Structure formats: C-alpha cells, structure tokens
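Have a look at the sequence and the model below, and keep them open while you work. A few exercises follow, each with a worked solution.

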Amino acid sequence: MISYYLSKSLKRPLHWGLPISISIEPTTACNLHCTECPSGLRSFTRPTGNLKMELFHRFLKEAHKHIMSLTFYFQGEPFIHPRLLEMISMAHQLNIYTIVSTNAHFLDPATCQKIIDSGLDRIIISLDGINQETYQKYRVEGQVDKVIQGIENLVEAKRIRKSVSPYLILQTIVFKHNEQELGEIKLAAEKWGVDHLEFKTAQIYDYQEKSNLIPEQALYSRYGLNDQGEWSIKNKLQNHCWRMWQGCVISWDGRVVPCCFDKDAKYQFGQIGDENLSTIWKNKAYQNFRHAVLQNRKSIDICTNCTEGGFT
C-alpha cells in the first residue's frame, strides 16, 4: 500500500506489486429480476455467459502466487454455475481466502454439505425483507421462504459437521419499503445463528429523481439533499481510490475491469485469455485510469455513484 499513499500524495500513479484481492464472475445468469441490477434487468451491453474452467485454470495458475482473497461474484447468481464449488475448492487448496455472495435460492441440504467440503471461507446471503410482500418488491420473482430455508440449511450443515466455516454474513440492502423491518430481521438473524448481520445502503441509478427506494433514515441512505435542494450522493468522491492499487474485477469471459461499479465492463484494461494478469495490471490503460482517478475522480461515470474506495 506504500505506492498507493505515494501516488495519492504526488497525484500521479506510482505502482509496484500485484493485486491481492480479486473478484471473478462465475456467470451473468440470475434466477431473479432485481430492479436495480443489470443482471436482473437483463440489460447488459457486454456479452453474457458462464466462466469456462479452462480460463479459470489459466487465471489461477498465475494469480495464486500473489492474491490473498478471491470473491466468486460480480454480476449474476454464482450458484447457477454448475462447477462453482469445484472452483472454490481449487482456490482453497492454494491457501486463497474464498468468498461468495448469493441470493440463497439454491442452498438445499446437499449443496450446503458440498459448500463445507469445498473449504469456502465466507458466504454473503442477501435477505432484503422478512416477509414475501416486502422481499419481492426488490427481489422480483424471489421467494423469501427459500432464502430462510437456505440459511437454516447452511447453519445446520455447519452444526452437523462441527465447522466454523463458511463464516455466514446475512446482508440486508436497506430500502424505503423494508427499513421498518430491520429490528425484526436482527431478531431473526440471532435466532437462525448467522455469524454476522450487515445493513447495506442501496445503489440507486435514478436517485436524482428521489427514487421511492431511498429510505427515510439518513443512516441507511447513500443520498441526501445538497445545498441546492437536489438529491446527490453524500460521499465527497475524493481524488483517490485504494482499490486501484489493491485489486480488480474479472468478468466471466476474462475482461479485467477496475471494480464492481463497472457492471457493464465499460473500462476494460485487457483480457486474461489473451495475456497475463500481471501484464494487464501494469499496462498503460490501467495506469491512465489510475491517473484519472487521482486527478478528477468525478469525471469518471462509474465513480459518481460510489461510496467506497476513498481509503484515507
């Protein structure tokens, strides 16, 4: 991280080392139709598909030398990929900390046993409402009973196997329609025996129009009224972002993009199917992007709805 602090101070990208934390996309497919999600809306302009094992093998063969954590998620529902747990197991065997994020509709008892066998370190389960009426307002076509059953299945599998992993995080994205249920969700999480409960602010595309998804409680909103009486993101968007020095995101077909806010892979620095990640990480396109972040982050469209990355 020394090069990050130097770059931040000098306002020019100095960089050595390689990424230590990477997200890779198993699939763009999803069983739900979430209203603020390109995958759910089927609105991608980039190609869609599943990560091929050959490409994953090639990536892992090089990247395992320098990465510490690997998140199997970008867009889509990871458990739709038929060989997800095989990929997680491969990374685990190389002593890489593994993470997955899921809507939990595929966590039947047999799958939960296989999750433990894979060595998965952390799982994030999304639950954006405690009853079906609330849950389906955002998670369109989702079934809250399946999510709850999936949570209970995984907790039970851990109990039977006497396993502390995967560390189970229950994540609730807070919207106006579910903010009154947070207390009830907290009690349910304690009853189910999850390891951690996290309330997350929602990324909303049309926030300038005061979307009806924005919660009333300021604590759980990324947005507020500015001095001009307009809705804007509360984050000050300072001209630095530690993520550009720490990690990257790789799409299912190998496109290397800066972070999870580049959902449509607009900013592509290279493709791991064509060249090594270490080469891409240090190429001119990546350095130019880092330079733009240091000079005028607000000019980069994917940064303007971001609440992260400004590590002081």
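The exercises below go through pockets, a cavity, salt bridges and a surface patch.

This is a predicted model, in which local features need pLDDT of at least 70, side-chain atom pairs count only at pLDDT 80 or more, and totals for chains, interfaces and linings use all residues. Residues are numbered from 1 along each chain as its sequence is written, and side-chain values use heavy atoms, with hydrogens and water left out.

**Exercise 1. Describe the largest pocket: its volume, its lining and the elements that supply it.**

Step 1: Start with the term. On a 1 Å grid over the protein atoms alone, a pocket is an open set of points with protein on both sides within 12 Å along at least five of seven lines, while a cavity is a set where a 1.4 Å probe fits but cannot get out; lining residues have an atom within 4 Å of a point. Points are joined across faces, edges and corners, and a volume is the space filled by probe spheres set on them.

Step 2: The volume comes to about 1,200 Å³. The lining has 49 residues, and Tyr73, Ser101, Gln171, Lys200 and Cys260 lie nearest the centre.

Step 3: Now find the elements, where helices (H or I, at least four residues) and strands (E, at least two) are DSSP runs numbered from the N terminus. Among those that each supply at least two lining residues are strand 1 (21-24), strand 5 (167-174) and helix 9 (243-246). Strand 3 gives the most, with four residues.

Step 4: Sort the lining by class. Ala, Val, Leu, Ile, Met, Phe, Trp, Tyr, Cys and Pro count as nonpolar, Asp, Glu, Lys and Arg as charged, and the others, Gly among them, as polar. This lining has 24 nonpolar, 15 polar and ten charged residues.

**Exercise 2. Describe the largest cavity and its lining.**

Step 1: The whole structure holds one cavity of 30 Å³ or more, and about 100 Å³ of space lies in the largest cavity.

Step 2: Twelve residues line this cavity, with Cys241, Cys259, Arg297, Cys303 and Cys306 nearest its centre. Helix 9 and helix 11 (284-296) each supply at least two of the lining residues.

Step 3: By class, the cavity lining has nine nonpolar, no polar and three charged residues.

**Exercise 3. Which parts of the chain does the salt bridge of Asp128 and Arg139 tie together?**

Step 1: A salt bridge is a side-chain nitrogen of Lys or Arg within 4 Å of a carboxyl oxygen of Asp or Glu. The structure has nine of them.

Step 2: Asp128 and Arg139 meet at 2.6 Å, N to O. Asp128 lies in the loop between strand 4 and helix 6 (132-138) and Arg139 in the loop between helix 6 and helix 7 (144-161), so the pair ties together parts eleven residues apart in sequence.

Step 3: Check the cover (buried means under 20% relative accessible area, exposed over 50%, partly exposed in between, with a 1.4 Å probe and protein chains only). Asp128 counts as buried at 0%, and Arg139 counts as buried at 9%.

**Exercise 4. Is Ile2 buried or exposed?**

Step 1: Locate Ile2 in helix 1 (residues 2-10).

Step 2: Ile2 counts as exposed because its relative accessibility is 58%.
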